[in-house]
Amino acid sequence: MGSKIEYVDSTQIYATSYVRNSKAIGVLWAIFTICYAIIGVVAFVTPEWLGNVEGDKPGKFGLWAECYAEENGEQCRGRLDEFYDNGNYAFQGATVAVGAACVTALMTVGAMLFFFFCHSTSVYHVCAWLQLISAICMIIGCSVFPLGWNDEKIKSICMDSNQFQLGICGIRWAYLLAAIGCLDAVILSTLAFILATRHIRLQPDPQYAPASLFKGEMNGAFVNDTGSVAGSRKSLNLHPVLMMHPAQDDTYSQFSQRTVPRSTHGGHYSHPHHPMHHNHNY
């Protein structure tokens with residue numbers, strides 16, 4: 001069998017390529033969204049935001065917990081449900097802000113389940129707004145946290161610390177992780193808005209002839225009604241006509257009946273001489 005001749009519209013190719021690329025980017029967005037939620041939760045529960053582990057009084061501080069090195073090992077104090085008992089209002093505000101960022105990040109992960117039930121554009125819009133709120137809350141938490149460095153508990157570990165002054169303490173990995181989460185949330189929110197607004201409406205599939213054409217399958221000198229193309233007898237709605245070159249001696253009609261030729265000198269038909277047409281007198 002010969003090779004099949006196919007005609008494909010270029011817009012269909014571009015639309016298909018766009019959909020495939022959008023799905024790939026959407027998968028990456030979902031993966032990094034889950035990673036951001038994990039980063040936020042780890043930074044929220046870990047007391048590794050600020051500390052000094054090499055001084056005379058080693059200690060570390062988080063949003064709502066603090067750990068000190070004692071003779072029997074490291075001892076941590078503070079509970080999440082009692083963070084409001086802490087007199088450091090900056091740390092309390094940072095705890096609320098980062099906690100809200102983690103909650104909205106987890107809500108974004110849960111909202112991705114609606115991709116199986118709702119239109120993707122609406123789900124992207126919801127996730128984008130949730131991630132934007134999470135980014136704002138995370139930025140507020142990271143910005144408010146240095147305002148509490150003048151607390152007496154922190155000065156006892158960091159010595160000459162003050163607002164936005166570390167003293168002998170240093171930034172720990174959890175604070176850096178939260179700062180990376182701020183940038184991550186902003187990028188993910190922007191990407192979600194782009195995926196939601198740059199959704200294209202696919203064009204309907206072109207209507208091709210139901211019969212496929214193969215090389216050598218159809219004679220080019222004969223086109224029947226089913227294979228009629230633009231400009232053919234069927235498309236122009238013309239009736240069949242048999243045209244033959246007229247001859248002087250004899251002509252044939254479309255019913256293959258012998259006709260009488262017209263005389264060249266007059267308008268009458270001349271009858272051919274035939275033996276059976278003569279009247280014989282016996």
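Biologist: What makes strand 2 and strand 3 a pair, and in which sense do they run?
Modeller: The model is predicted, so read each value as computed. Strand 2 (residues 59-61) and strand 3 are joined over three bridges. The cut-off for a pair is at least two bridges, so the two strands qualify. Their sense is antiparallel.

Biologist: Which residue of strand 3 is the bridge partner of Gly59?
Modeller: Tyr68 is the partner of Gly59. A hairpin leads from strand 2 to strand 3 through four residues.

Biologist: How do you know that strand 3 pairs with strand 4?
Modeller: Count the bridges. Strand 3 (residues 66-70) and strand 4 (residues 73-77) have five between them, and they run antiparallel. At least two are needed, so this counts as a pair too.

Biologist: What stands opposite Tyr68 and Cys67 in strand 4?
Modeller: In strand 4, Tyr68 has Gln75 as its bridge partner. Cys67 faces Cys76 there. The hairpin from strand 3 to strand 4 passes through two residues.

Biologist: Where do these strands fall in the chain's pattern?
Modeller: Along the sequence the pattern reads α-β-β-β-β-α-α-α-β-α-α. In total the chain has six helices and five strands.

Biologist: Why is helix 2 called roughly antiparallel to helix 3?
Modeller: Start with the angle. The axes of helix 2 (residues 89-111) and helix 3 (residues 120-144) cross at roughly 160 degrees and come within 8 Å. Angles over 145 degrees count as roughly antiparallel, so helix 2 and helix 3 earn that label.

Biologist: Which hand does the crossing of helix 2 and helix 3 have?
Modeller: That crossing is left-handed. Helix 2 brings residues including Ala90, Ala94, Ala97, Val98 and Ala101 to the contact, and helix 3 brings residues including Val123, Cys127, Leu130, Cys137 and Val144.

Biologist: What is the contact of helix 2 with helix 3 made of, by class?
Modeller: The contact has 17 nonpolar residues, five polar ones and no charged ones.

Biologist: Why is Cys137 called buried?
Modeller: Cys137 has a relative accessible area of 17%. Buried means under 20%, so Cys137 falls inside the class. This residue sits in helix 3.

Biologist: What does Cys137 touch, leaving out residues up to four places away in sequence?
Modeller: Cys137 touches Ala97, Val98, Ala100 and Ala101. Take another pair: Cys137 and Thr104 are 33 residues apart along the chain, and their C-alpha atoms are separated by 9.3 Å.

Biologist: What keeps Leu132 out of the buried class?
Modeller: Leu132 has a relative accessible area of 29%. That lies between the 20% and 50% limits, so Leu132 is partly exposed. Leu132 is placed in helix 3. Its C-alpha atom is separated by 9.6 Å from that of Ala105, 27 residues apart along the chain.

Biologist: How do you know whether Ser189 is buried or exposed?
Modeller: Its relative accessible area is 2%. The limit for buried is under 20%, so Ser189 is buried. Ser189 belongs to helix 5 (residues 173-197).

Biologist: Which residues does Ser189 touch, not counting those up to four places away in sequence?
Modeller: Ser189 touches Ala128, Gln131 and Leu132. Leu132, as said, is partly exposed.

Biologist: How much of the chain counts as buried?
Modeller: Of its 282 residues, 29% count as buried. As for contacts, take those with a separation of 6 or more: residues 24 or more positions apart account for 60% of them.

Biologist: Now the loop after helix 4. What is notable about the phi of Met159?
Modeller: Phi of Met159 is near 65 degrees, a positive value in a residue other than glycine. Met159 lies in the loop between helix 4 (152-158) and strand 5 (170-171).

Biologist: Why is Met159 put in its accessibility class?
Modeller: Met159 has 44% relative accessibility. That is neither under 20% nor over 50%, so Met159 counts as partly exposed.

Biologist: What about Phe164: which sign does its phi have, and where is it found?
Modeller: Phe164 has a positive phi of about 65 degrees, although it is not a glycine. Phe164 is found in the loop between helix 4 and strand 5.

Biologist: What makes Phe164 exposed?
Modeller: Its relative accessibility is 54%. Exposed means over 50%, so Phe164 passes the limit.

Definitions and conventions: Residues numbered from 1 in each chain as written. Predicted model: local features only at pLDDT ≥ 70, side-chain atom pairs only at ≥ 80, totals over all residues. Heavy atoms only, no water. Buried < 20%, exposed > 50% of the residue type's maximum accessible area, 1.4 Å probe, protein only. Axes fitted to C-alpha atoms, helices over the stretch in contact; angles between N-to-C directions. Parallel < 35°, antiparallel > 145°, perpendicular 65-115°, else oblique. Left-handed = near helix turned anticlockwise from the far one by under 90°. Contact = heavy atoms within 4.5 Å. Nonpolar A, V, L, I, M, F, W, Y, C, P; charged D, E, K, R; others polar.
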